[in-house]
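Reader: I have a structure open and would like to understand the labels people attach to it. Could you take me through the reasoning behind them?

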Amino acid sequence: MTGPTLRRLLTLALTGWLAWGAAPQALADITNFQLQSIRGVSGLTLSDRFGLTVGEQEHLVNIEDCERYQGGRARFQARLLSTAPTAVLPAQYGVAYTSPGGTCTATNTAPVSEEDCFVVATDVDLTSTEIEFDVELSKLVGTDCDTEIEATSRVYIYLAVSGAATQEEVIDIEIDLDPPEAPEITSITPGDQRLNVDWSDEINESSEVTYTVYWSEAPFGEDDLGTVRSRSGLTATSFAIDDAGLENDVTYFVAVVAVDDADNRSPLSNLEEGTPVPTTDFWEHYQESGGQETGGFCFIATAAYGTPMAGQLQPLRRFRDSVLMTTGVGRAFVDTYYTWGRYAAAFIAERPVLRGAVRVALVPLVWFADLATRFGLPCVLLALALAALLFRRARQRAVRGAFGPAPLSLSEVAR
């Protein structure tokens, strides 16, 4: 190898070694580290979302928190766990934290302030296994709570024990300032001391939001939500306001908001009005429509059983009120039944044989209605599906047992 070539190789090797030594090296995690608590300073109360207790791993700040924390401070307390506390001494530590989306790049216990990195302590002698420090929340969460961002702020603790290499611990604080979009009320259907509210939400992911419905006798806005009645935690896009003492012939104003996983609320939906009104049951509606047959509650079932007091009618009526009338599809079915059921009832009532056939046909329907109101419609549908599957398998085994095994195919015979 010639002299110039050797010199070039040595120069490249030396340059690479110097560059490696100058580059920031990844720090190992602090071993046996545990966050003990986070608490507000000077009377500031922090939300539980901040992850305040021993060993918490999730720390979250939403829009409401951001606004409330402005100008305040939070005190972090951490502990280095060891069977012999003096084993971690002598040592030095440093502390820094970032604004949302920022980073700190220190490689020792003397971090340096940068644009998005704020230093709390540098080269502090560790005199016990406890570390305690304050951070300014306006810097940690950001001063503008309307930015609609989702980012991470970080708190860094750097530790060097007995001259060993520096270790670090990073505490991530999730900053979620992005509220969901407002839903839109599409209809309010009045009932007897109830309002059935339906809304649409084509933007928010259904798995990431729940809904809160608000109602009041007077118009209201964003600033009034703490004083009006509401129901929260709804996962469907419809709700029947029927257990809050609504009065008939009184107008109520209704709005809906979406709430995300960080408890951020969307703006209010459109504010709509609804007025509960007395409603008629099956039989009253039939009579008002001109029906002349005797009976009550349910036209077809009454015509089949010959009396409005038949015990089989009560499960059907409960099913109507507690299941059908709680959904838009169910209410549409009831309206259709009101319109056409009386004609079917009049036809059945004059034909004894047909009345008997209808009574037989109604047995599984009455049974289904009774179970659905007792145990809930989803449970009953699941049980029926399971029963159908078991019946199908039992039938297949019976067929195989009656006719013997299936004959071999030509390919199987050839083998």
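**Labels and the values behind them**

Author: Happily, and let us begin with Glu136: its relative accessible area is 39%, and partly exposed covers the range between under 20% and over 50%, so Glu136 counts as partly exposed. Please keep in mind that this is a predicted model.

Reader: What makes the contact between Lys139 and Glu136 a salt bridge?

Author: The rule asks for a Lys or Arg side-chain nitrogen within 4 Å of a carboxyl oxygen of Asp or Glu. For Lys139 and Glu136 the N to O distance is 3.7 Å, so the pair fits the rule. Lys139 has 31% relative accessibility and counts as partly exposed.

Reader: How many salt bridges does this rule give?

Author: The count comes to 11. One of them joins the side chains of Asp242 and Arg194, at 3.7 Å from N to O. This pair links distant parts of the chain, 48 residues apart: Asp242 is in the loop between β14 (238-241) and β15 (252-260), and Arg194 is in strand β11.

Reader: Why is Arg194 called buried?

Author: Its relative accessible area is 12%, and buried means under 20%, so Arg194 is on the buried side of the cut-off. Its partner Asp242, at 40%, is partly exposed.

Reader: Which residues are joined by salt bridges that share partners?

Author: Arg49, Glu64, Asp65, Arg68 and Asp263 form one such network. Within it, the side chains of Arg49 and Glu64 meet at 4.0 Å, N to O. Arg49 lies in the loop between β2 and β3 and Glu64 in helix α2, so the pair ties together parts that are 15 residues apart in sequence. Arg49 has 22% relative accessibility and counts as partly exposed; Glu64, with 47%, is partly exposed as well.

Reader: Let us move on to the rings. What makes Phe50 and Tyr69 a tilted pair?

Author: Two steps lead there. Their centres are 5.9 Å apart, and rings pair if their centres lie within 6.5 Å. The planes are at 40°, while under 30 degrees would be stacked and over 60 edge-to-face, so the label left for this pair is tilted. Phe50 lies in the loop between β2 and β3 (60-61) and Tyr69 in helix α2 (residues 63-69), so the pair ties together parts that are 19 residues apart in sequence.

Reader: Are Phe50 and Tyr69 buried or exposed?

Author: Phe50 is at 0% relative accessibility and counts as buried. Tyr69 is buried too, with a relative accessible area of 0%.

Reader: Why are Tyr156 and Tyr158 called stacked?

Author: Their planes are at 5° and their centres 6.0 Å apart, so the pair is stacked. The cut-off for stacking is under 30 degrees. Both Tyr156 and Tyr158 are buried.

Reader: How many aromatic pairs does a search of the whole structure find?

Author: It finds 6. Ring pairs also link Phe50, Tyr69, Phe76 and Phe133 into a cluster.

Reader: Now the strands. What makes β2 and β7 the edges of their sheet?

Author: The open sheet has 3 strands in the order β2-β4-β7, with antiparallel pairing. β2 (33-40) and β7 (130-136) each have a single partner strand, so one side of each is left without a neighbour in the sheet. Neighbouring strands of this sheet are turned by 20° against each other on average, direction ignored.

Reader: How do you know that β4 and β7 pair?

Author: Strands pair when at least two bridges are found between them, and β4 (residues 73-80) and β7 have 7, in the antiparallel sense. Ala74, for instance, stands opposite Val135 in β7.

Reader: And what do β10 and β11 form?

Author: They form a hairpin with 2 residues between them, and Gln193 in the turn has a positive phi of about 55°. Strand β10 (residues 184-191) and strand β11 (residues 194-200) pair in the antiparallel sense over 7 bridges, with Ile188 opposite Val197 in β11.

Reader: Last one: which residues form a nonpolar patch on the surface?

Author: Trp367, Leu381 and Leu384 do, with about 290 Å² of accessible area together. Trp367 lies in helix α8 (residues 352-375). A patch residue needs over 30% relative accessible area, and Trp367, at 46%, counts as partly exposed.

Technical notes. Residues numbered from 1 in each chain as written. Predicted model: local features only at pLDDT ≥ 70, side-chain atom pairs only at ≥ 80, totals over all residues. Heavy atoms only, no water. Helix = DSSP H or I, 4+ residues; strand = E, 2+ residues; numbered from the N terminus. Axes fitted to C-alpha atoms, helices over the stretch in contact; angles between N-to-C directions. Buried < 20%, exposed > 50% of the residue type's maximum accessible area, 1.4 Å probe, protein only. Patch = residues over 30% accessible without salt bridge, like charges linked within 9 Å, V, L, I, M, F, W, Y side chains within 5 Å. Areas by Shrake-Rupley, 256 points an atom, 1.4 Å probe, with all protein chains shown as cover.
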